[in-house]
Amino acid sequence: MARPLRIEYPGASYHVMNRGNQRQKVFYSASHYELFLDKLGESCVKFNVTVRCYCLMPNHFHLYLKTADANLGRFMQTFLTSFCYSLNRLRGKSGHIFQGRFKSHVADDEAYGMSVSRYIHLNPVRIKSLEDFDVDGKIRCLDNFIHSSYRFYVESGKVPEWLDIYHILSKFEGRTLTERMTGYRNYVEDGISNAIESPFNHVASQAILGDEHFVESVKRHYAMNLNLTDTREQKELSRLRSSFNFDEILKIVSKLTEVGRRDILRRRSVHSVERKMLMYCAEKYCRSTTPLSGIAARMSVSQSGIARSNGRFEKELADNKKLRNVLREIEKCLVNSGSVTP
């Protein structure tokens, strides 16, 4: 079964969540919630991580955080291991507390930071027992909920050093912090009174939350350079790497080989090496966006013709250093968006 990618890079923002093992409760008392936040704060200092917002529900948690370094996996592993070990000792228990590894989405902070924070802070009023409450009742429940960062966003008071409320509050109008807090409160409460779309409806490849430009940027600059050993992640990475546009591959091959696009596409072209290179790259990097039949149609050959061409080209690559260098340049162009002009 494919596993969602864990994409890490300096300065990345993430939505992170996990549930109790078999959806059982994680937090049974106030001391359990306090222990979680204590361990979270310790790990934030150790790994240079900043939490933007959080919500701890009885059987799961949500975090929205920023990693200054490319270390989400190490941060979460250290944090959750420390918390689980301490909680088991506190309760006199043993065994797993959480349901498998945590889930995460790398997020476009500028475009989705506000909506992710609202989604997280509204968790306490989305539970089944509050379905019949009116808007005012849900707002009262939200105000009385103490196991999230919402209270720091809407009330003056001391904020934990590892919690950054000001980044999101700065997006709201107001000359004073109090005015911006009021703006944020209105924004969150609007999510109670009106049906709003979940930001996670826009997740791409199970791992990236952002618009098309952000997804392309992550795909080019990070996913293309990942070296994974987990075969479950490799399947998803392969799908992401093969989601480029055929015309983009054509443009790059044409630019780097100095052969016109029409000449490369022409069936009986004298530029056979360039055609084979295009077919090879198209199958490797376009299969998620263009089926093999579509690639064959653009190249005016049969699907079996592409397979034979790619087989021959792979043999040529093994013996031809110049071809390998050109192929590396093509991959660099895919990574560096905009490096090739028409």
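Select Phe36 first: with a relative accessibility of 0%, this residue counts as buried, a word used here for residues under 20% relative accessible area, whereas exposed means over 50% and partly exposed means in between, all judged with a 1.4 Å probe and protein chains only. Before going on, note that this is a predicted model, in which local features need pLDDT of at least 70 and side-chain atom pairs count only at pLDDT 80 or more, while totals for chains, interfaces and linings use all residues. Residues are numbered from 1 along each chain as its sequence is written, and side-chain values use heavy atoms, with hydrogens and water left out.

**Rings in pairs**

Now add Phe79 to the selection, which is also buried, at 0% relative accessibility. Rings of Phe, Tyr and Trp (its six-membered ring) are said to pair if their centres lie within 6.5 Å, and planes under 30 degrees apart count as stacked, over 60 as edge-to-face and the rest as tilted. A search of the whole structure finds 18 such aromatic pairs. In one of them, the ring centres of Phe36 and Phe79 are 4.9 Å apart and the planes stand at 75 degrees, so this pair is edge-to-face. Because Phe36 belongs to helix α1 (residues 30-47) and Phe79 to helix α2 (residues 72-91), the pair ties together parts that are 43 residues apart in sequence. Helices here are DSSP runs of H or I with at least four residues, strands are runs of E with at least two, and both are numbered from the N terminus.

Next, widen the selection to Phe27, Tyr33, Phe36, Phe47, Phe61, Phe75, Phe79, Phe83 and Phe98, which ring pairs link into a cluster.

**Two helices side by side**

Show α1 and α2 as ribbons, and look along the place where their axes come within 9 Å and cross at roughly 150 degrees; axes are lines fitted to C-alpha atoms, for helices over the stretch in contact, and angles run from 0 to 180 degrees between N-to-C directions. This crossing makes α1 roughly antiparallel to α2, given that angles over 145 degrees count as roughly antiparallel, under 35 as roughly parallel, 65 to 115 as roughly perpendicular and the rest as oblique. The crossing of α1 past α2 is right-handed, the term for a near helix turned clockwise from the far one by less than a right angle, with anticlockwise giving left-handed. Where contact means heavy atoms within 4.5 Å, the residues of α1 that meet α2 include Leu35, Phe36, Leu40 and Phe47, and those on the α2 side include Phe75, Phe79, Phe83 and Leu87.

A second pair to display is helix α12 (residues 272-285) with helix α13 (residues 292-299), whose axes come within 10 Å and cross at roughly 160 degrees. These two helices are therefore roughly antiparallel to each other, and α12 passes α13 in a right-handed crossing. Arg275, Leu278, Met279, Ala282 and Glu283 are the α12 residues that meet Leu292, Ile295 and Met299 in α13.

**Charges over rings**

Zoom in on Arg6, whose charged end sits over the ring of Phe102, 3.8 Å from its centre; for this, NZ of Lys or CZ of Arg must be within 6 Å of the ring centre and within 35 degrees of the ring normal. Then move to Arg126, whose charged end sits over the ring of Tyr119, 4.1 Å from the ring centre. Tyr119 counts as partly exposed, at 23% relative accessibility.

**A strand residue and a helix**

Select His105, which is found in strand β4 (residues 103-107) and is buried, with a relative accessible area of 16%. Leaving aside neighbours within four places in sequence, the contacts of His105 are Ser13, Tyr14, His15, Phe200, Val203, Gln206 and Ala207.

Continue to helix α4 (residues 135-144), whose buried residues are Gly137, Lys138, Ile139 and Leu142. Among the elements that cover these buried residues are α3 (109-121), α5 (150-154) and α7 (177-193).

**Stepping back**

For an exposed residue, choose Arg262, with a relative accessible area of 72%, in helix α11 (residues 261-265). Between the C-alpha atoms of Arg262 and Asp134 the distance is 64 Å, and these residues are 128 apart in sequence.

Finally, show the whole chain, whose secondary structure comes to 15 helices and 6 strands, and whose C-alpha atoms fill a box of roughly 75 × 50 × 35 Å along the principal axes. Of the 342 residues in the chain, 48% are buried.
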